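Here is a short briefing to read alongside the model. Have the sequence and the 3D view open as you go.

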Amino acid sequence: MKKSTKRLLSLVLFSTLISTNIYAYSDEDRIKDMQAMEKAAQQMQKGFLYNNLKDIQEGAALLKVHTKKIEPPVKGEDEFKKSYAYQTTKRESKKIVGYADESVKYFQEHRSKQAMNSFTKLLKQCMTCHARIRKW
Ligand code: HEC
């Protein structure tokens, strides 16, 4: 192999290594996102109890940022299991975003009971995932 080709190849390998390191979603990342979501959900709840739209909006926005980042904890090479885990995560995350938006929208329309309903549904999605994940 020519020297320049070798150098190019090692450069490619090196940058692949770096990028997988940067973009790999670790268990610690997941715990951080979970704790952030828990805090965000509390902020929303506080908003409902104190009748404060700003807390609901801020909590919902934070929740959305973190729920979009979640990746499931799948190890090993079982492709079926992996794709099930990723699909479930994507679906739950999408539902959480939807309910967060819905909750804010209803509260803005002074329909606080409906807003609270959406918030409850949102929390149910967290539990759905937690229950399923124990089997992964
Ligand atoms: C894609 C699946 C998934 C969804 C959706 C999800 N979680 Fe989690 N959650 C996990 C996993 C996986 C763990 C780690 C469980 C374990 O290690 O036992 C976890 C753990 C947690 C923990 C414990 C963190 C710690 O410090 O140990 C909290 C709090 C939490 N989640 C909150 C939430 C909240 C709030 C929501 C909804 C807004 C939510 N989760 C939605 C998968 C999910």
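Buried residues account for 18% of the 136 residues in this protein, which is shown here as a predicted model. Its secondary structure amounts to 5 helices and 0 strands, and reading along the sequence gives the pattern α-α-α-α-α.

**Contacts along the chain**
- Take the contacts between residues at least 6 apart in sequence: 55% of them join residues at least 24 apart.

**Around the ligand**
- The ligand is surrounded by 21 residues, and the closest of these are Met34, Thr89, Glu92, Cys126 and Cys129.
- Four helices give two or more residues each to this shell: H2 (27-50), H3 (53-67), H4 (79-108) and H5 (112-133).
- If you want to start with one element, try H2, since the largest share of the shell, 7 residues, comes from there.
- By residue class, the shell around the ligand holds 12 nonpolar, 6 polar and 3 charged residues.

**A closer look at Lys39**
- You will find Lys39 in helix H2, the helix that gives the ligand shell its largest share.
- Is Lys39 buried or exposed? The answer lies in between: Lys39 counts as partly exposed because it has 14 C-beta neighbours inside 10 Å, while a buried residue would need 20 or more and an exposed one 12 or fewer.
- Lys39 and Gly59 are 20 residues apart along the chain, and their C-alpha atoms are separated by 7.9 Å.

Methods
Residues numbered from 1 in each chain as written. Predicted model: local features only at pLDDT ≥ 70, side-chain atom pairs only at ≥ 80, totals over all residues. Near = placed C-beta within 6 Å. Nonpolar A, V, L, I, M, F, W, Y, C, P; charged D, E, K, R; others polar. Contact = placed C-beta atoms within 7 Å.
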